[in-house]
2 protein chains.
Amino acid sequence: MANEDIVLEAITEEDIKNRVKIARTQKDMTQQELAEAIDVTRQTIGLIENQKYNPTIILCLKLSYVLDVSLEKLFWLEVNNI
Amino acid sequence: MANEDIVLEAITEEDIKNRVKIARTQKDMTQQELAEAIDVTRQTIGLIENQKYNPTIILCLKLSYVLDVSLEKLFWLEVNNI
DNA sequence: ATTAATTGTAATATATAATTTACATATTAT
DNA sequence: ATAATATGTAAATTATATATTACAATTAAT
């Protein structure tokens, strides 16, 4: 049994940061274009960029691939209590 | 506009690989212990380990943190058409 | 200044992630 | 061999990711 001392406090969606918008604009793509590339709606892209929710890993991996940014550079945890 | 030539084919859940089970057993943790550490049910861990579904990024980040394995080593895309 | 393109957002609907309860099977310990 | 612990799985429910439609607000182009 390992890491018993580690307790992840209640992490909320606000603790998950991403640089989708930065990566997208660096690629000169619109939300619409990015959305089509990974087969989601424009709204989904917009909501992710504005941290309105918590995408699934498959979506994140597609974003990472299309935007050519590593998964970890695209999404990370930023919690004060760690 | 970039990467217009890249078209992600219909990626399904089976294309998402993970080594949660390996990382967990390397830490000598049971599914129950891991589940408690990140505040989900044992079933959720089991289903992820057996690729039954597609976790959210927040869950993946918590797993990465607790299991001490980078996000990319824990979850990756393995598609033949890339 | 007007028009077109881009983005934000809201309401409703749908798909699916995650929970709960429960039981069967497998694995480990005694 | 028996008991205890760990894992697989299934049905029903709940929470939430994502879609759809629609419109307002910005921003960029003419």
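Which residue follows H4(A), and what is the sign of its phi? In this predicted model, H4(A) is followed by A:Asp68, whose phi is positive, near 60 degrees. The helix that precedes this residue is mostly covered, with ten of its eleven residues buried. Among the buried residues of H4(A) are A:Ile57, A:Ile58, A:Leu59, A:Leu61 and A:Leu63, and A:Lys62 and A:Ser64 also belong to this group.

The arrangement of the two protein chains was examined next. Two copies of a chain are related by a rotation about an axis and a shift along it. Here, a turn of 180 degrees and a shift of 0.0 Å along the axis lay chain A on chain B with an RMSD of 0.0 Å. The two copies are thus related as by a two-fold rotation axis. Within chain A, the residue that comes closest to this axis is A:Thr56, with its C-alpha at 1.9 Å.

The contact between the chains takes 29 residues from chain A and 29 residues from chain B. On the side of chain A that touches chain B, two or more residues come from each of helix H2 (31-38), helix H4 (57-67), helix H5 (71-74) and strand S2 (75-77). H4(A) gives the most to this side, with seven residues. By class, the side comprises 19 nonpolar, four polar and six charged residues. Because 100% of the interface residues of chain A are also interface residues in chain B, the copies meet through the same surface.

Both DNA strands have residues of the two chains around them. DNA strand C is surrounded by 18 residues, of which A:Thr30, B:Val40, B:Thr44, B:Tyr53 and B:Pro55 are the closest. H2 and H3 of chain A, together with H3 of chain B, are the elements that give two or more residues to the surface near this strand. The most is given by H3(A), with four residues. The surface near DNA strand C has four nonpolar, twelve polar and two charged residues.

Around DNA strand D there are 17 residues, and those that come nearest are A:Thr44, A:Tyr53, A:Pro55, A:Thr56 and B:Thr30. A:Thr56 is thus listed here and is also the residue of chain A that comes closest to the rotation axis. At least two residues of the surface near DNA strand D are supplied by each of helix H3 (42-49) of chain A and helices H2 (31-38) and H3 (42-49) of chain B. H3(B) gives the most, with three residues. The residues of this surface divide into four nonpolar, twelve polar and one charged.

Technical notes
Residues numbered from 1 in each chain as written. Chains lettered and ligands numbered in written order. Predicted model: local features only at pLDDT ≥ 70, side-chain atom pairs only at ≥ 80, totals over all residues. Near = placed C-beta within 6 Å. Nonpolar A, V, L, I, M, F, W, Y, C, P; charged D, E, K, R; others polar. Least-squares fit on C-alpha atoms with pLDDT ≥ 70 in both. Contact = placed C-beta atoms within 7 Å. Buried ≥ 20, exposed ≤ 12 C-beta atoms within 10 Å, placed from the backbone.
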